[in-house]
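Q: Pick one part of this model and take me through it closely, please. I'd like to know what surrounds it, and then how the rest of the chain is laid out.

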Amino acid sequence: MLMKSQEILEFINADYRDNHDELAEGLVHRRLIGQTSSDVIDFIERLEFYDYQEDYKIRLIACKYGKQIGSENELVALTSKIAKFCKKNAYKEFYFGLLAGYLFERNKFPQIVDLLKVLMKQGLDADEFLYRTISDSSIYSIQSYELLKVCIKEKNCSKYANIIASFVLNLNQSFLKFVEDDWNEWSDSNRSLFLNRLIENILVSERKWNNTTFEWNESSANWLVDKIALIEDLNVFDHSTHYFEEKASLFKEVKNIQWLCEIFEKRQHLGLNLSHDFSLTYFVRSDFNVEEQNAFIKIIEMLLNENAPYRFEEEIVKIDPENRCLSRIVVEKFNCAKTDDERKCFASIAGYLRDESPAWMDISAVVCRYTRKLTKEEKRRFWSMLTWKGIETYTCALGQVPQKHYDEVEHFKKMLSEETLPERRKFWQIQLEGAESYLEFEEQRAKALRGE
């Protein structure tokens, strides 16, 4: 048999090719089961001496040992002795591993929270004790939540957000009412952390990477979207888009335009921007009845507000991508506008439409007709509202000209040759001249890079 220290050292140094479970089981049976508490303390002290930041190995041994403990009294007696040395890392990791092994198999027992209260008197930091014990042993119940809520001092932190998301996952939709009660006490950053972790947890459960299941219904889906909609930085949810796509039957049609109008008004009042990558319009479905069209009109009129979010026009276009009423409303608003500044606001919507789309054609027609009697400089200001503002990326080899610039020249030539509206021909001519000029610049730059 290996010497005691060598046996522990062998386990600590074991790499991924070794069977850690088997090695840990051997240590538990040879060195811990049937031993006195002093022997266990001696064993942990050796782990402390040889520990090379392999905390998970210490927890593995402790967890397997914890499963062998037969009673609460035995657990409390042993942990009370270990707790005295928990300023040392190996002792603390062994302590929590021991609890995880014992409590996990008993996490549904009614008296489990009473045991936690007893263990909390052993002197460890209450926040760390509850976070680790509840999470490691999956002790998710209303009673453990109430204990957590009473004992945790700082609730605006990532640890609290993460554990509450785990409560929702494990207790399902019934727990959302408790989140609602606490919602106004959380900071915006804590809310976004919670929502992101909740989505991640549910995604993991649906991939069957754990044994927990969560079932959405219309009510909980509405609740989630309502909460996401007023988070300050919507970009934090852009990685969740694929999840909502998978659950399109629930999320894609969960809201109407009236809801979106109210959310935009609230965000505008709070000075919150929108996101290019994560659009709230995804959750909206509309038949564009009279009430929905009136709400859409109110959204379009928000462009006149000096606090309108950056690139708000892009969101407006996404509401009605099929142009069931977009261009008609914009044209009406343009014609009824009292000043040129208002007209430019409405015309700017065209900058987020492709210039071959019916909606763009309708809006650009009324804009170009209006500019007939304006000065050259004023014309160009209005025309700039019609040019594409969408985000595009393109690449090419060093010393080459991106194909995009050649394509733009050909596109504007085609649009000019096919144009039947006299007032718009001048717009295409200006666009073509600009594209040709920029293409020439790029060609000269490319030549210089090639050393020609």
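A: Here's a walk through one helix and its neighbours, followed by the wider picture.

Some ground rules before we start: this is a predicted model, so local features need pLDDT of at least 70 and side-chain atom pairs count only at pLDDT 80 or more, while totals for chains, interfaces and linings use all residues. Numbering runs from 1 along each chain as its sequence is written, and side-chain values use heavy atoms, with hydrogens and water left out.

Let's zoom in on H18, helix 312-319. Helices here are DSSP runs of H or I with at least four residues, strands are runs of E with at least two, and both are numbered from the N terminus. Seven of the eight residues of H18 are buried, so the rest of the structure largely encloses it. "Buried" means under 20% relative accessible area, "exposed" means over 50%, and "partly exposed" is in between, using a 1.4 Å probe and protein chains only. The buried set is Phe312, Glu313, Glu314, Glu315, Ile316, Val317 and Ile319. So what covers the buried residues of H18? Helix H16 (257-270), H17 and H19 are among the elements that do.

H19 deserves a look of its own. This helix takes in residues 326-336, and Leu326, Ser327, Ile329, Val330, Val331 and Phe334 are its buried residues. They pack against H17 (290-301), H18, H20 (340-347), H21 (358-370) and H22 (376-386). Contact, by the way, means heavy atoms within 4.5 Å.

Just before H16 you'll find Glu253, sitting in the loop between H15 (248-251) and H16. Glu253 is exposed, at 51% relative accessible area. If you skip neighbours within four places in sequence, Glu253 is in contact with Ala248, Phe283 and Arg285. Val76 is another story: Glu253 and Val76 are 177 residues apart in sequence, with 53 Å between their C-alpha atoms.

Now pull back to the whole protein. The chain has 24 helices and zero strands. Its radius of gyration is 32 Å, well over the 22 Å that the globule rule gives for 452 residues, so the protein is more spread out than a compact globule. (That radius is taken over C-alpha atoms, and the rule is 2.2 Å times the number of residues to the power 0.38.) The C-alpha trace spans about 100 × 60 × 30 Å along its principal axes. Arg46 and Glu442 make a handy pair of markers: 396 residues separate them along the chain, and their C-alpha atoms are 69 Å apart. Arg46 belongs to helix H3 (residues 37-50) and is partly exposed, at 24%.

Even so, 48% of the 452 residues count as buried. Of the contacts between residues at least 6 apart in sequence, 73% join residues at least 24 apart.

The largest nonpolar core has 140 residues, and Phe94, Ile164 and Phe194 touch the most other members. Such a core is a set of buried Ala, Val, Leu, Ile, Met, Phe, Trp, Tyr and Cys residues joined through side-chain atoms within 4.5 Å. Helix H6 (residues 89-104) is the top contributor to this core, giving nine residues. Not counting residues up to four places away in sequence, Phe94 touches Leu32, Val40, Phe43, Ile44, Leu47, Ile58, Ile61, Ala62, Tyr65 and Ile82.
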